[in-house]
Every structure is written in structure tokens, then in C-alpha cells.
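Here are my notes on the model, jotted down while I had it open. Have a look at the structure first, then go through the points.

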Amino acid sequence: MPDWTTADIPSLDGKTAIVTGASGGLGYETALALAGAGATVILAGRSEAKGQRALELICNRFPNALVAYEELDLARLGSVADFARRIAAMHDRLDILINNAGVMALPKRCETADGFEMQLGINYLGHYALTAHLLPQLRRAQGARVLQLASLAHRSGRIDFDDLQSKRSYRPWRAYCQSKLAMLMFALELQRHSNAAGWGLTSVAAHPGFARTELIANGPGTGTLSWRIGQLIQPYVSQSAAEGALPTLFAATAPAAQAGGYYGPNGFYELKGAPAPAKIMPQAKDLASAAMLWDASATLTGISFDEFAVAA
């Protein structure tokens, strides 16, 4: 897969894709490339104004693009369920689901509408619930792919089952790393469940390396000395949002992408470069912890994959 680019994406004519957080950054670049390859793309996000602007930009680039915007607030399980119902009414099957949206290292502990710590709730639990709700449509596609956007931050993460919601102790980066580790573990566990139950899914994960996005530009520490130093060295260790989206696009579309695979840039420390298999830390491969996280997610959200598997 050396030097794999968007030009290598196979034709996606007739396929339907959903990208969460698609109004900007990595999500926008991912949606743009999928639309350019012929897919019908649903841009899912919280801001209609930003969503419509993204639609306009995609259609300016690809006048015949089949794109639409649908409201989705991953911080509200009710919004996730409403979104899934609208999708089911419009599309009998779903070929590609890219769980891309996220927040990073919020300075103060906040909670979602359902009482989840915000980073765990938006980055992971909202996507867990969304994937479960969309399972019937995914199963009706031939070889549907489900992608979780993980991060290099998973390397420092651990799942604190004694304080999963960071109620006793909240540290921004620790909570972020936990949420991204959870995303990677979810991708691997989803593949195991699909294999065991015959759901026919290809579950994958990817990370963008160090991509220059609004998430980074407006992240914690903006304006500090360390942030300014980071801005100076950034061009040498980072890549654009379009380049950062390539591992996601490879995992979601390339015939060579493996079920249960994890992809990122192939450069130094996986910070930048062409898509390649990425390093998975031992804690992400812990089968017992993955099973505990799956069960805890079902309990917290009140959503069981088995329920939606029956409905397929």
C-alpha cells in the first residue's frame, strides 16, 4: 500500500456511507473523498449551518455528488435514536459507517445529556449506540465496513472500570486517552462479535497521526508558550487534514484492508505518511477488558447489539 491516495479508492457507485463529524476537518475530507468516488454520503453533525456549508463545498468540487446532511448529536442518545430512525426510513442498507466525530481533552469535566463524561460519551458511547442502531442496515449490505477513529493517544490509555466516568478524578488527557482506547477496543470487539454471530461486518479502526485540524488548533493550551513552540515545529511532524484522512479512507474502502485491522500513517512514530498497518498496544488487545467494556457500554446506554441483530 505504498503511497496510497484517494485516486486508489475503488468505485463506490451504488454504496451508501455515513460520516459523523463531517462538517469539517478529517470528517469533511473523508466525506469529500467518498463522494468523489461515487458514494451516496450522509454528513452527520450537530450544526446545520456547518453541515450545509460542507455540502456546498463538496458539490462545488463534485457537481454530481450525492450528499445530504442529517442532524446528529452524539451527546444525546435520543438524538442518536432519532437519526437512526430517519436513516432506516431513507436507506434499506448501509455500506460504510465512519465514526469520526470527537472532542479532545476538555479542560473541565462536563456531562452529556445522559450523564456520561463528555469525552467518553461523545467519542465512544454515542458511537457505540449509533452502530447498534444501524446494525440492521449494515447487515443488509454485502460486506459493510464500520470504522472507528482511534488515536495515537490510545497508547497512553487505560480503561478505568472503577471510575469509568471520571467522577472521582478527572484529568483531561487521561479521559481523552481512555475514550480513544475504547474506540479501538470497540472496533476489535465488534469484529469478534460479528464473526461469532455471522453479522457479515468488516470492523476496522484508523488514526490520522498528527493532522492539522480545528481539534488541534483550538485544543487545550491554545496560546501558551508550549502551544506556540508546537506551532513552529508542526510543519515538520504533522500533515494536512486531507492527508490525515487517508488511513480512514484506506480502511473503509481498500480491498487490502483487513477485518479487525488498524491503520495509520507509515512515518516516524506514525505521525505522518501514507496509510499502513498501525501499532496496537497490548491493553487494546485484552480480551477480558474488551468484553467488560462491551457489557458496560450496553448497561450504560441501555442498548444491546443482540436486540438490533434480531431486527435485521
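1. A word on terms before anything else: buried means under 20% relative accessible area, exposed means over 50%, and partly exposed is what falls in between (1.4 Å probe, protein chains only). Helices (H or I, at least four residues) and strands (E, at least two) are DSSP runs, numbered from the N terminus. This is a predicted model, where local features need pLDDT of at least 70 and side-chain atom pairs count only at pLDDT 80 or more, while totals for chains, interfaces and linings use all residues. Residues are numbered from 1 along each chain as its sequence is written, and side-chain values use heavy atoms, with hydrogens and water left out.

2. On confidence: pLDDT is the predictor's confidence in each residue, from 0 to 100. The protein chain has a mean of 93, with 92% of its residues at 70 or more. Go carefully at residues 223–227, where pLDDT stays under 50. For that stretch the model has 5 contacts (heavy atoms within 4.5 Å) beyond four places in sequence.

3. Now helix α3, residues 77–90. The expected span of a helix is 1.5 Å times one less than its number of residues. The 14 residues of α3 should therefore span 20 Å, and its end C-alpha atoms are indeed 20 Å apart. Buried in this helix are L77, S79, V80, A81, F83, A84 and I87. An α-helix has 3.6 residues a turn, so residues three or four places apart point the same way. The cover over the buried residues of α3 includes strands β1 (16–20), β2 (40–45) and β3 (66–71), along with helices α4 (118–133) and α11 (287–301).

4. H133 ties in with that. This residue is found in helix α4 and counts as buried because its relative accessible area is 15%. Leaving out residues up to four places away in sequence, H133 touches V80, A81 and A84, as well as I303 and F308.

5. How many cavities of 30 Å³ or more does a search of the whole structure find? Just 1. On a 1 Å grid over the protein atoms alone, a cavity is a set of points where a 1.4 Å probe fits but cannot get out, a pocket is an open set with protein on both sides within 12 Å along at least five of seven lines, and lining residues have an atom within 4 Å of a point. Grid points are joined across faces, edges and corners, and a volume is the space filled by probe spheres set on the points. The largest cavity comes to about 90 Å³, and its lining is R158, D160, D163, S166, S169, R174, A175 and Q178.

6. S166 deserves a second look. It sits in the loop between β5 (145–149) and α6 (172–197), and its phi is near 55°, a positive value in a residue other than glycine. S166 counts as buried because its relative accessibility is 6%. E270, in the loop between β9 (262–265) and β10 (275–277), also has a positive phi, of about 60°, without being a glycine. At 11% relative accessibility, E270 counts as buried.

7. Finally, the second largest pocket, at about 210 Å³. It has 13 lining residues, with T6, L32, A33, R61 and F62 nearest its centre. Helix α1 (25–36) and helix α10 (246–253) each supply at least two of the lining residues, and α1 gives the most, with 4.
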